[in-house]
Amino acid sequence: MKQEEKEKREKLVQLEQQNEQMQQQSQLEQLTQREQQDQQMKQDAMEQQESIASSPELAPRLEWFKLRLERVAEVVFHEFTVDYGHSCVLIYMSGMFDIKQAERNLLEPLLGKVFYMKDELTQYLFSRNQLPVTELHWVDRAADALQAILQGYGILLFQGEPRMLVLPYANYETRSIVEAPNETVLRGPREAFIEDIGVNISLLRRRIKSPLLKTEEYTFGRHTSTRVVLAYMEGICKDSLIHEVRRRISYLDIDGVLSSSQIEETITDRSSSPFTQIQYTERPDVVSSSILEGRVAILVDNTPIALLAPTTIFSKMQSSEDYYQNFVAATAIRYIRYLFLFISFLLPSFYIAISTFHAEMIPFRLLVTVASAREVVPFPALLEAFIMEISFEALREASVRIPKSIGQTVSIIGALIIGTAAVQAGIVSAAMVIIVSVTGIASFIIPSFDLGLSFRLMRFPLMLLAGTFGIFGIACGMFLIYTHALNLESFGVPYLTPMAPSNRDSAKDVWMRAPWWRMNERPSFAAPNNRNRQKKQARGWKLEQEDLE
Amino acid sequence: MTTKVVTQKQMYKYFTIHIITTIIMFMIGIVLQQSGYSAPLGVLIGACIGIVITFFSIAFAKRRPDAFFVHYGADIVTRWLHYPLMAFIIMTNFLLVAINLWEIQDLLLQFYLTGTPSWIILGLCGLCISYMARYGIKSMFRAAEGMFYLSMITFIIIPYLVHSNMEWFLARGFATIASVKEAWPTAYHLGSIFGEASLILYIYPYISQASYTRKTTIRFTMLAALMVICHLIPILIVLGPDLAQNLNYPELDIIRLIKSGSYLETLDPIIIALWLVSIFIKLSFILFVISHMLSRILKLKYSKPLIYPICAFIIVSTICLAQSHTQFFSMHNGGVSTCVYISQLIPLLYYVIDVMRNRRQQMEEESL
Amino acid sequence: MIIIAIAYIVIITYEVYYMKRHSVPIKPYVVLYGFMLIASEILYYFKDEFQLITIIKVLFAPIESILLFK
């Protein structure tokens, strides 16, 4: 009996569950149906509006544009009539549109002619293309026309004609090309990118005059409609890389793209890392050479900074100057840079470790000097170093913000007077001042600002470790940083590439700067398939000469 | 399908570091105690033992190159035998990590960080090794690749720097005193460390160009043996066997003899720091193998979330490993090597059973 | 002992958070974590009475002394 009851109950429960499920499903279906209906209605309304906007009648269309551009102060609706009786409207944004050109090339010819029939006018404008304007084109959709107006183009509407003429006279003030302010070189070109993306692309195209240089354009930002261009060499750049960049970028849906860093942080492999995995530069020559190596450049409108991917830590240690100087000197300088990279984030912690834990490491006389200097200092070495390093970072940050006219005064006060006074007052030791200044200089030797910054920041935890565990702590800290950097990837390329995993071909440009005539191949991490860069024996003439002798 | 992420070059560099770090840092004192002048001979014999063990495990791994031993092992012997054996292997590897960690903290506490509580040091070491192990198999091998030349330089430079302190008359001992009988304890202890290369079996599906594995094994074992001998001989010539026997870390005392001009008094903290990094790589590899095996035995899909807890467990067991230095060092004669040998030879059992079964199957098929 | 427990709790919280983010089934892992926590607490509690070394010595020292011809 009990079993039967149990079975019955179970059946009932099952039935109830099924009912519930059915109900839930039907609710879901209803919901989805409602949503679909809503969407349909919205779409219908939009289409209706669109149909109004793209109707041949002028008045409703004008109404549509006026409604859209309500309370927009700089928009101009210039209504005029072409003989006989064809009414037209020119819409543009003042300040972004070159009205003089439009007057000369559009209004003058139109108003100087007589069109008896409407067909004559349309033929003149659309079929025979007789206006003295290049790049003239037309759109049917009102939304496109609106976008064009907002981008600084002029739109010409006609009575009885659904097509709208787009006048390419966008003209706004841009900064002129100036010398690269942050990445200066002695021998290389001086030009830097500016905010206008058109000019920036022209700077690239002027260097790479090849149809294989592709510039794919995308628009991002719901409100800003910012132009973003992917530039790469077809056939050199890996297809998978381009696909990957496109794929990652396609996820970007944000109200405004105001700088390249928004894109950078969206598409970077690991954004929580202190190391940035995308390189940026303001120099068109750097971008061009990277593109020729098979990398992808991302240019963003209104940003004078281009992004480069993939990148490795070593390409951030290279300066464009290296490639313009004698390769022997450039190689030597590179080693100095590597040395100072370590100094920039190890020296203070090393000092702390040695002075607190491993005093036996330094020779006796030096030890005496250091100890006597530290004798009056009331703080332990760790605290002293922290105070000095933090005030140095504050000084550096202040010097960026301070207006240029008083910047020098502040830096003199900060660096010289405070430093000397602090030493004389016995608050910090002279050795510490020397170490902090050397560290400060060292951190600016790193060509990439963000790499320098990340190393500067990692100095602080390392100092803490050094103060608590001595050199053993430094070793642990370095190990953690090394492990982290080791496992970073930039678009599939390991961050420490020619070192770990080691790669002999790419190492040519890392451990030394090989002379140009020896760099026959592109680095394999960027362009594994098409590596041949130049004819072998670029210095064949020399062999020839020697043969003659 | 696992991706073949470990190249032969990486394996060569990794296992060289894997073998020499422990031997040079912690084993030299024991080796000299037991063998004296015969130690270099013992190293060579130990290397041969290591190669043989590793070859067995490679031969076994080759039979199923794309599958993990932990998985298919149950098909060869029964499941009831497989899991206890795997547990034993895991425990042995556990012990290896714990012993190494104990030695690290002992070394640091003795010389550099006197007064620091040992659990803090162990915790920091544990953080380092588990952080690396958590990134997966790639990270250890890449790390070894990046570190290789630097650590090799520090290992090579020491014998060179102490050459002014060498007492060459002591070198005669190599010719007159060496004997196989004396060398045997060294060979036995070091053989277990050289044999650690048999861990290849557990990561075999990750290895690319797996057909070259045997060649690579010979290369790294030879290099490691050479490096160890390069360290043993200077210690014997500089300190002499009698003094070296009574030092816990003769290698450290050798380094302390180095005086590079008058700029730096001693280099030992820096060199110790570099060695520590090498040992961390090694330990994180073993930790990775442990978590990999454990996750597969327990039928868990991912091994990553196991690494930190396992490491914490290892640290606790390290604290409970031994109470004093003397007690710990008595263990070196007390069976650790044997325990390691047994765990290394367990795959051999599987191999034999597997071969026999196959034969029987073939026979049956033929008879049909 | 408290430190061990705290360390484990930190680790377990981190791992559970990590697994949730990657939508990995948590239950078997948490059981294992609990087991490890208890095991290490027991190990630590009895650390004065017995050391791991003694087990190894009892088990393997005889074999080793035979192999080393002692």
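# Three chains and their contacts

In this predicted model, two pairs of chains touch, and the pair with the most contacts is B and C.

Visitor: What separates chain A from chain C, in terms of their nearest C-alpha atoms?
Guide: Start with whether there is a contact to talk about: chain A and chain C do not touch. The spacing of their nearest C-alpha atoms is 15 Å.

Visitor: How much area do chain B and chain C bury between them?
Guide: On the contact count, 41 residues of chain B meet 33 residues of chain C. Carbon and sulfur atoms carry 74% of the buried area. The total that chains B and C bury between them is about 3,300 Å².

Visitor: Which residues form the salt bridge between chains B and C?
Guide: The rule finds one salt bridge across this interface. An N to O distance of 2.7 Å is within the 4 Å cut-off, so the pair counts. The two partners are B:Arg134 and C:Glu15.

Visitor: Which helix of chain B supplies the largest share of the side that touches chain C?
Guide: Besides that salt bridge, chains B and C have nine residue pairs in polar contact, with both residues at pLDDT 80 or more. Several helices of chain B each bring at least two residues to that side, among them helix 4 (79–111), helix 5 (118–134) and helix 15 (336–367). The largest share is eight residues, and it comes from helix 13.

Visitor: And how many of the residues on that side of chain B are nonpolar?
Guide: Sort the side of chain B that touches chain C by class, and three residues are charged while eleven are polar. The nonpolar class holds 27.

Visitor: Over to chains A and B: which residues of chain A lose the most area to chain B?
Guide: This contact takes 29 residues from chain A and 35 from chain B. Together the two chains bury about 2,800 Å², 73% of it on carbon and sulfur atoms. Three residues account for 25% of what the chain A side buries, and they are A:Met361, A:Phe472 and A:Phe479.

Visitor: Which residue of chain A meets B:Lys138 in a salt bridge?
Guide: Chains A and B have two salt bridges between them. In the one with B:Lys138, the N to O distance is 3.7 Å, which is within the 4 Å limit and therefore counts. The partner in chain A is A:Glu489.

Visitor: Which helix gives the largest share of the side of chain A that touches chain B?
Guide: Six residue pairs are in polar contact across this interface, both at pLDDT 80 or more. The elements giving two or more residues to the chain A side are helix 16 (449–469) and helix 17 (471–486). With ten residues, the largest share comes from helix 17.

Visitor: Is A:Arg456 buried or exposed?
Guide: A:Arg456 sits in helix 16 of chain A. Its side chain makes polar contacts with the side chains of A:Glu393 at 3.2 Å and A:Ser443 at 3.4 Å. Its relative accessibility is 1%, so A:Arg456 counts as buried.

Visitor: Why do the buried residues of helix 6 of chain A line one face?
Guide: The buried residues here are A:Ile197, A:Asn200, A:Ile201, A:Leu203 and A:Leu204. Look down the helix axis: they line one face because they fall within an arc of 150°.

Visitor: Which elements do those buried residues of helix 6 pack against?
Guide: The packing partners belong to chain A as well. They are strand 6 (213–220), strand 7 (226–233), helix 9 (284–293) and strand 9 (296–300).

Terms used
Residues are numbered from 1 along each chain as its sequence is written. Chains are lettered from A and ligands numbered from 1 in the order in which they are written. This is a predicted model: local features need pLDDT of at least 70, side-chain atom pairs count only at pLDDT 80 or more; totals for chains, interfaces and linings use all residues. Side-chain values use heavy atoms; hydrogens and water are left out. Contact means heavy atoms within 4.5 Å. Buried area is the accessible area (1.4 Å probe) that two parts lose on being put together, summed over both. A salt bridge is a side-chain nitrogen of Lys or Arg within 4 Å of a carboxyl oxygen of Asp or Glu. A polar contact is a pair of N or O atoms within 3.5 Å; within protein, one must be able to donate a hydrogen and the other to accept it, and residues adjacent in sequence count only if both atoms are side-chain atoms. Helices (H or I, at least four residues) and strands (E, at least two) are DSSP runs, numbered from the N terminus. Ala, Val, Leu, Ile, Met, Phe, Trp, Tyr, Cys and Pro count as nonpolar, Asp, Glu, Lys and Arg as charged, and the others, Gly among them, as polar. Buried means under 20% relative accessible area, exposed over 50%, partly exposed in between (1.4 Å probe, protein chains only). The arc is that of the directions from the helix axis to the C-beta atoms.
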